[in-house]
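Please study the sequence and the model shown here before attempting the exercises. Each task is followed by a worked solution.

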Amino acid sequence: MAAPEIIDHSPHQYDPSPLVVTASNLILIDNYDSFTWNVYQYLVLEGAKVTVFRNDKITLEKLIAEKPTQLVISPGPGHPGTDSGISREAIKHFAGKIPIFGVCMGQQCIFDVYGGDVSFAGEILHGKTSPLRHDAKGVYAGLRQDIPVTRYHSLAGTHVTLPKCLEVTSWIANEDGSKGVIMGVRHKEYTIEGVQFHPESILSEGGRTMLRNFLHMQGGTWEENERLQKAPKQANGSTSIAAHPAKSQSGGKKNILQKIYEHRKASVATQKQIPSQRPSDLQAAYDLNIAPPQISLIDRLRQSPFEVALLAEIKRGSPSKGIFALDIDAPSQARKYALAGASVISVLTEPEWFKGNIEDLRAVRQALNGMVNRPAVLRKEFIFEEYQILEARLAGADTILLIVKMLELELLERLYKYSLSLGMEPLVEVQNTEEMATAIKLGAKVIGVNNRNLESFEVDLGTTGRLRSMVPEGTFICALSGINSHQDVLDCKKDNINGILVGEAIMRAPDTSQFIQELCAGVTTAVSKLTPKPLLVKICGTRTAEAAAEAARAGADFIGMILVPGTKRCVSHEAALSISQAVHLSRPELSHGPLVASKLAADYFSLTGELLRKRRPLLVGVFMNQPLEEVLEKQRAYDLDIVQLHGDEPIEWANLIPVPVIRKFAPGQPGIGVRGYHAASLLDSGAGSGKKLDIPSVKATLEKDEHHSILLAGGLEPGNVAESVAALGSAADKLLGVDVSSGVEEDGKQSLEKIRAFVHAAKSIR
């Protein structure tokens with residue numbers, strides 16, 4: 001075939017194309033060839049952001065750290081087996097992760113990596129143009145046949161040794177029309193192409209088109225690329241699988257994301273027909289303002305005790321790993337996460353593959369009730385309609401997940417705005433540059449980059465770092481999936497990533513709190529046990545100002561007077577006023593400083609215990625089964641610091657009384673550990689009966705809840721208080737204090753000497 005007329009195909013217009021979002025961090029490996037500059041020029045003119053590294057000036061580790069969006073292997077002299085430096089290692093590592101394109105020696109490297117033979121092509125070519133036949137796919141899309149291309153090579157891959165995983169994409173035809181020298185190859189599964197000729201040469205036609213086609217390739221496999229290229233385009237150019245969720249984009253079987261989406265659509269449709277769970281039922285509940293209080297996702301993320309905020313996930317299984325934590329209960333796990341420093345608790349509510357449920361989220365939110373600086377609660381779900389968002393809010397979610405890959409732009413915008421209308425800033429999940437552009441256009445303030453491909457479920461830890469440069473300042477960006485070690489966290493910090501979501505690794509950890517410290521702070525030593533704080537002492541049944549003043553001088557922390565009409569220790573109005581005056585006059589102006597601010601969450605009872613220690617002595621008024629109006633009236637009249645409820649009053653009363661409440665319980669009584677109401681519990685056998693409590697029952701109550709604030713009463717006196725506390729063993733460390741009434745009396749009256757003796761004996765314990 002006669003050689004075509006020589007035409008200069010070099011770019012005479014030097015204005016580059018707009019930035020191609022899929023090529024925001026392309027790495028070009030230079031195999032010491034002058035044509036590398038021409039390749040670089042074409043790539044930049046077509047909209048790529050390119051960084052060039054010589055093949056012996058960068059290690060694979062450093063190349064991985066660059067987190068490239070695409071990889072191009074340049075031409076070069078010599079043989080790929082001996083002269084390509086890092087090129088072949090780079091191809092091996094990035095294959096299946098990002099698009100790869102090889103030019104001349106670059107193609108020979110691809111051929112060599114997969115086991116083909118690169119040998120003498122039969123002639124030495126230097127600047128010869130030849131007509132190219134091709135399959136019109138991949139980089140050749142849109143090009144005519146027999147275009148002239150320029151060849152500079154003496155080596156080439158051979159048909160005989162063509163690896164099974166590669167296919168020939170272009171060739172120089174023999175005179176009989178059969179395929180001659182291989183000019184192009186393509187991996188059958190991975191997004192990898194190579195050309196033996198030089199598309200960047202001025203004598204090659206369509207060179208810029210070939211490189212333009214490559215720059216718009218996405219993902220590590222042709223299946224992924226095909227989906228992203230052929231799926232219906234959103235308004236901003238990104239794609240959505242949700243247009244035909246039940247049908248594979250390539251016409252084949254459904255991938256796992258499509259299966260989950262289809263199942264959730266059917267499940268939600270059924271659920272919406274159930275009385276009490278219909279959309280109208282949920283809206284009615286929301287209109288009654290019964291949704292739990294919420295907190296700001298962004299504010300909570302920025303209050304992390306760690307340099308990189310932790311979003312800790314609760315899930316029992318996954319499509320990629322199967323079931324791995326089926327026995328875990330969500331509320332217990334949530335409390336561990338919260339107290340160990342998690343800023344967000346992500347709760348998987350998908351039942352079939354992840355073994356979660358909306359009831360898990362509801363229980364998690366209840367477990368965090370009253371917790372100071374509690375984590376935000378995220379509903380991790382495949383959300384596609386407003387119903388699921390409202391359901392999440394009513395269950396106690398502070399935020400929800402919106403997956404860009406699942407949603408067409410119009411639906412994504414609608415769900416985002418609806419979530420905001422409920423006071424929830426969503427976590428918007430993306431995986432590639434087009435989806436990131438969608439999230440940014442949406443105005444998302446918290447963006448999560450999933451390192452796991454939601455279709456293949458393969459993990460690439462470099463995904464988040466590669467997209468970080470696209471994120472506007474002030475936007476909180478999180479790495480989702482694949483974080484397992486402190487080094488992973490340090491790498492995220494290096495890439496200016498603000499948060500990490502970790503699920504399976506924490507769920508599998510034998511010691512959740514220790515693992516979180518190792519993961520987020522690099523702390524590998526066991527956390528030392530805190531020294532128990534001094535016991536607080538309550539002198540109750542006080543009937544005179546003299547006894548109140550003596551108790552205060554002795555060091556009592558609480559001084560109680562009985563305000564229950566008809567009981568033997570009830571004080572008169574005049575006596576109550578004088579006792580109140582005596583207690584308040586005995587109190588120093590400022591006995592303690594303010595609470596130290598902390599970014600860690602704290603259990604409700606841990607905080608109330610600290611508050612009760614801050615300014616002492618405190619005046620306690622004891623009530624039993626009296627009207628709430630009477631309690632409130634006497635609290636104001638006697639300036640009570642604490643109200644003690646000693647009967648069967650509703651627990652909710654504590655939220656209607658303007659001062660802390662101590663509530664009497666029997667050991668094991670339901671409601672004793674409910675957070676957000678009473679500041680402390682008093683374990684007592686009766687109303688000043690002097691009967692001792694069953695020590696094993698008290699011990700069991702203390703051991704059941706390590707953070708509970710409990711005062712021990714019942715049969716205590718100066719001579720047995722130390723012995724009674726010691727009988728509790730290690731559980732005694734959890735006692736907040738001790739309470740005495742009849743134990744400091746003689747002949748039915750308080751003994752000042754016994755008051756002093758009891759305070760001294762109790763304070764000597766710890």
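The exercises below move from the whole chain to single residues and then to two helices.

The model is predicted: local features require pLDDT of at least 70 and side-chain atom pairs pLDDT 80 or more, whereas totals for chains, interfaces and linings use all residues. Residues are numbered from 1 along each chain as its sequence is written, and side-chain values use heavy atoms, with hydrogens and water left out.

**Exercise 1. Determine whether the protein chain is spread out or compact relative to the globule rule.**

Step 1. Count the elements: the protein chain has 26 helices and 29 strands, taken as DSSP runs (H or I, at least four residues, for helices; E, at least two, for strands) and numbered from the N terminus.

Step 2. Compare the radius of gyration with the rule. The radius is taken over C-alpha atoms, and the rule is 2.2 Å times the number of residues to the power 0.38. The chain gives 36 Å, well over the 27 Å that the rule gives for 766 residues, so the chain is more spread out than a compact globule.

Step 3. Consult the dimensions: the C-alpha trace spans about 125 × 55 × 45 Å along its principal axes.

Step 4. Examine burial and contacts. Of the 766 residues, 56% are buried, that is, under 20% relative accessible area with a 1.4 Å probe, protein chains only. Among contacts (heavy atoms within 4.5 Å) with a separation of 6 or more, 69% join residues 24 or more positions apart.

**Exercise 2. Explain why Cys104 and Cys478 form no disulfide.**

Step 1. Apply the criterion: a disulfide is a pair of cysteine sulfur atoms within 2.5 Å. By this rule the count is 0.

Step 2. Take Cys104. Its closest cysteine sulfur, in Cys109, is 10 Å away, too far for a bond. Cys104 counts as buried because its relative accessibility is 4%.

Step 3. Take Cys478. The closest cysteine sulfur belongs to Cys492 at 9.9 Å, too far for a bond. Cys478 is likewise buried, with a relative accessible area of 0%.

**Exercise 3. Describe the surroundings of Gln107 and Ser318.**

Step 1. Locate Gln107 in helix H5 (residues 105-113). With a relative accessible area of 2%, Gln107 is buried.

Step 2. List its neighbours. Not counting residues up to four places away in sequence, Gln107 touches Gly102, Ile182, Met183, Gly184, Val185, Gly194, Val195 and Gln196.

Step 3. Turn to Ser318, in strand E11 (residues 317-318). Its relative accessible area is 7%, therefore Ser318 is buried. With the exclusion of residues up to four places away in sequence, Ser318 touches Phe324, Trp353 and Phe354.

**Exercise 4. Identify what packs against the buried residues of helices H1 and H13.**

Step 1. In H1 (residues 35-45), the buried residues are Phe35, Thr36, Val39, Gln41, Tyr42, Leu43 and Leu45.

Step 2. These residues of H1 pack against strands E1 (26-30), E2 (50-54), E3 (70-73) and E6 (147-157), and against helix H6 (207-215). Gly47, with a positive phi near 105 degrees, follows H1.

Step 3. In H13 (residues 386-395), 9 of the 10 residues are buried; among them are Tyr387, Glu391 and Arg393.

Step 4. The cover over the buried residues of H13 includes helices H8 (256-271), H9 (279-287), H12 (358-367) and H14 (409-421), together with strands E14 (376-380) and E15 (399-403). Gly396 follows H13 and has a positive phi near 115 degrees.

How values were computed: Buried < 20%, exposed > 50% of the residue type's maximum accessible area, 1.4 Å probe, protein only.
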